[in-house]
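Visitor: I have a predicted model open on my screen and would enjoy a guided walk through it. Could you take my questions one at a time?

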Amino acid sequence: MALRDRLAADERHDEDNDLAKVYRERLLEEIDVDELARLSPAQRRVRLERVLSRLLSVDGPVLSARERGALVQRITDDALGLGVLEPLLADESITEIMVNGPDDVFVERYGKVERVPARFASAEQLYQTIDRIVSQVNRRVDESSPMVDARLPSGERVNVIIPPLALDGPTLTIRRFPTPYRMGELVDRGTLDVTTASLLAACVRARLNIVVSGGTGSGKTTFLNALSGLIPDHERIVTIEDAAELSLQQGHVVRLESRPANVEGRGAVAIRDLVRNALRMRPDRIIVGEVRGGETLDMLQAMNTGHDGSVATVHANTARDALGRLETLASMSELDLPSATLRDQINSAIDLVVHLERAQDGSRRVLEVQAVTSRRREEYALTPLMRFVAEPLGPDRTVAGRFVPEPVPDDLLERLHRAGETVLTASAPAGPGEPVAAGGAS
Ligand SMILES: Nc1ncnc2c1ncn2[C@@H]1O[C@H](COP(=O)(O)OP(=O)(O)O)[C@@H](O)[C@H]1O
Ligand SMILES: [Mg+2]
């Protein structure tokens, strides 16, 4: 922006600010705060808008209908909620809001960060907004606790850090979690094919224990969410995460989130405490966001003691590597178990590994689905159910290829069959009229 335009915009901004300030004060004089407190949020907004419009029509400046509407909205947003942040929060395409002091607001849309014209009238107003946000979760930001990280009741994750730690003013970061993809949408996006999705849907309904593996950002959590979406609605699901990201649509879901230690180093609740607690909650399914340590052993034991149909993610480079990682992580528990014992646990607990990858072109895909076919203390043996076969990278550098199904081992077919699932497989093509993965995938 040219300097002249910038100055003009600043002036205009100041004028708007003055006007907003005058009418905000008039509004506060006019309304009965006690009465307002008895109204619902929606009624409160209507009441404020009505009073404001009247004030403006009596002695306000000449404004176009649009200008007046914008001013009314701005003042009510301010009086009621999060001021200049309200329109950004209302915009579904925004996944992250970053406020670096009162004059610098950035947002992320579709993975791109851009600056937006929103500004706070002053650092004071930004502090008020921050107070409003963190007071929702009974937290406070001040010199004695200059950093706050919290999840809002509405699901967003909020981080605040203020001066003197932040040099350019109070800094606020709001991360939202967009509505996650359902399995059908992942098929539409080419993350996997419909045959594999149907097979996985049958496996989820048949209560197989499934591990989703992949690197950071490969889409594990997203896939876990979609898989969990295939769990029948009446089942009691307990989810366990470090920072709650899953969002399940079923009616009977209990969400647990671990907690770091406080400033005195006390009060930490680890994933493994939550896994153990979950076992006493009569869960039908336990879903662990990501296993990173000794809790892996508790999860394996849970899977082996009647809590089948559970799902978790693990960071790994291949499906085979995922089993090795589980073994390493399980060995981090305080129980010093020999490797063969851990292998036994893993062989009997884990039925399937779904491995994802983020390709060079940024696309995320299921690279392999493998059934664990080793038993007891045997070395791990995996049988592929599906493999993605990539074509050589073309000039446009986008990744293409085919999802190639493999015959489903008889044991697994039989297990699915016992659970009432019929699957279309490479080895057992469904005859005419036979249902394909009863219930469908999406
Ligand atoms: N199949 C997919 N197609 C497109 N985008 C995806 C897919 N899976 C994940 N994403 C996006 O990629 C990012 C990382 O996904 P996430 O599931 O958190 O990965 P991970 O848990 O492996 O670190 C998120 O922004 C998510 O929306
Ligand atoms: Mg994740």
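Visitor: Which helix gives the largest share of the shell around ligand 1?
Guide: Happy to start there, keeping in mind that this is a predicted model. The shell around ligand 1 holds 13 residues, and K220, T221 and T222 are among the closest, together with T191 and G217. The largest share of that shell is 3 residues, and the helix supplying them, spanning residues 220-228, is α9.

Visitor: How many residues of the shell around ligand 1 are polar?
Guide: Let us go through the classes. In the shell, 2 residues are nonpolar and 3 are charged. The remaining class is the polar one, and its count is 8.

Visitor: Where does T221 come in, and what is the distance from its side chain to an oxygen atom of ligand 1?
Guide: Two other contacts help to set the scene. A polar side-chain atom of R189 sits 3.4 Å from a nitrogen atom of the ligand, and a backbone N or O atom of G217 is 2.8 Å from a ligand oxygen. For T221, the contact joins a side-chain N or O atom to an oxygen atom of ligand 1, at a distance of 2.7 Å.

Visitor: What percentage of the accessible area of ligand 1 does the protein cover?
Guide: Begin with the ligand on its own, which has 550 Å² of accessible area. The part of this area that the protein covers is 73%.

Visitor: Which are the edge strands of the open sheet of 9 strands?
Guide: This sheet has mixed pairing, and its strand order is β9-β8-β10-β11-β7-β12-β13-β14-β15. An edge strand pairs on one side only, and that holds for the strands at residues 253-257 and 401-405. They are β9 and β15.

Visitor: Which residue is the bridge partner of A390 in β15?
Guide: Take the strand pair before the residue pair. Strand β14, residues 382-390, and β15 run antiparallel and share 5 bridges. Within β15, the bridge partner of A390 is G401.

Visitor: At about what angle does helix α12 run to β11?
Guide: Helix α12 covers residues 319-330 and lies across five strands you can pick out: β7, β11, β12, β13 and β14. Neighbouring strands of the 9-stranded sheet are themselves turned by 20° on average, direction ignored. Against β11 (311-315), the helix runs at about 95°.

Visitor: Which residue in the loop between α8 and β7 has a positive phi?
Guide: That loop follows α8, residues 194-205, and leads to β7. The residue is not a glycine, and its phi is near 65°. It is R207.

Visitor: Where is P164, and what is the omega of the peptide bond leading to it?
Guide: P164 is placed in the loop between β5 (157-161) and β6 (171-175). The bond from P163 to P164 is cis, with omega near 5°.

Visitor: Which residue of β2 is the bridge partner of V99?
Guide: We now turn to the open sheet of 6 strands, ordered β3-β2-β1-β6-β5-β4 with antiparallel pairing. Strands β1 (94-100) and β2 (105-109) are joined by 5 bridges. In β2, the partner of V99 is V105.

Terms used: Residues numbered from 1 in each chain as written. Chains lettered and ligands numbered in written order. Predicted model: local features only at pLDDT ≥ 70, side-chain atom pairs only at ≥ 80, totals over all residues. Heavy atoms only, no water. Near = heavy atom within 4 Å. Polar contact = N/O pair within 3.5 Å; in protein donor to acceptor, adjacent residues only side chain to side chain. Areas by Shrake-Rupley, 256 points an atom, 1.4 Å probe, with all protein chains shown as cover. Helix = DSSP H or I, 4+ residues; strand = E, 2+ residues; numbered from the N terminus. Nonpolar A, V, L, I, M, F, W, Y, C, P; charged D, E, K, R; others polar. Pairing = 2+ DSSP bridges. Axes fitted to C-alpha atoms, helices over the stretch in contact; angles between N-to-C directions. Contact = heavy atoms within 4.5 Å.
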